[in-house]
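Please open the model in a viewer and keep the sequence panel visible beside it. The tour proceeds by selections, from the whole chain to individual residues.

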Amino acid sequence: MIFGSSPFDRYVFGGDHDVISPEAKRGMQLFYSSRAGCGACHSDSTSNGNWRDTQGDTGKAAFANNGVGDQAMRVPTLRNIALTAPYMHDGRFATLDAVLDHYARVASLPGS
């Protein structure tokens, strides 16, 4: 799912530095920073890691521990994320705003 002409694609892959806002650039910096840690699991901008196609496996899929059990879960792509509600591994959030609020609260907890 590469959309070649999305603002993200034009910025990251096309070098069009004026296509996204300064706020979006700061958001990307935070997303990939160790402070937020989002990019640790959602590391591939076009998919959720390796895949399988007609040529066979390209490698292991991206998996992460969700912190609520002992089983790893597949990390989803963030492409078209606004179209894929509900959110989180258990569907507990109906909106992206609720997801961001959740992570803002988690980040402000003591020891975070």
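The stops below begin with the overall architecture and then turn to particular side chains.

**Before selecting anything**

This is a predicted model, in which local features need pLDDT of at least 70, side-chain atom pairs count only at pLDDT 80 or more, and totals for chains, interfaces and linings use all residues. Residues are numbered from 1 along each chain as its sequence is written, and side-chain values use heavy atoms, with hydrogens and water left out.

**Stop 1: the whole chain**

Select the protein chain and colour it by secondary structure: four helices and four strands should appear. Both kinds of element are DSSP runs numbered from the N terminus, helices being H or I over at least four residues and strands E over at least two. Along the sequence, their order is α-α-α-β-β-β-β-α.

Next, display the surface. The accessible surface of the protein chain amounts to about 8,200 Å², and carbon and sulfur atoms account for 56% of that area; accessible areas come from the Shrake-Rupley method with a 1.4 Å probe, and for residues only the protein chains shown count as cover. Of the 112 residues, 16% count as buried. Here buried means under 20% relative accessible area, exposed means over 50%, and partly exposed lies in between (1.4 Å probe, protein chains only).

Contacts may be displayed as well, a contact being heavy atoms within 4.5 Å. Among contacts in the protein chain between residues at least 6 apart in sequence, 29% join residues at least 24 apart.

**Stop 2: aspartate 9 and arginine 79**

How many salt bridges does a search of the whole structure find? The search finds two, a salt bridge being a side-chain nitrogen of Lys or Arg within 4 Å of a carboxyl oxygen of Asp or Glu. Side chains of opposite charge can pair when their charged atoms come close.

Select aspartate 9 and arginine 79 for one of these pairs; their closest N and O atoms are 2.7 Å apart. Aspartate 9 belongs to helix α1 (residues 7-12) and arginine 79 to the loop between β4 and α4, so the salt bridge ties together parts that are 70 residues apart in sequence.

Is aspartate 9 buried or exposed? Aspartate 9 is buried, with a relative accessible area of 2%. Arginine 79 is likewise buried, at 10%.

**Stop 3: aspartate 90 and arginine 92**

Move to aspartate 90 and arginine 92, which form a salt bridge with closest N and O atoms 3.1 Å apart. Aspartate 90 has a relative accessible area of 45% and is therefore partly exposed. Arginine 92, at 41%, is also partly exposed.

**Stop 4: valine 75**

Where is valine 75? Valine 75 sits in the loop between β4 (72-74) and α4 (96-107). Its relative accessibility is 4%, so valine 75 counts as buried. Add methionine 88 to the selection and draw a distance between the C-alpha atoms: the two residues are 13 apart along the chain, and the separation is 9.9 Å.

**Stop 5: alanine 36**

Finally, select alanine 36 in the loop between α2 (22-31) and α3 (38-41). Alanine 36 counts as partly exposed because its relative accessibility is 37%. Select alanine 104 as a partner for a last distance: alanine 36 and alanine 104 are 68 residues apart in sequence, and their C-alpha atoms lie 9.5 Å apart in space.
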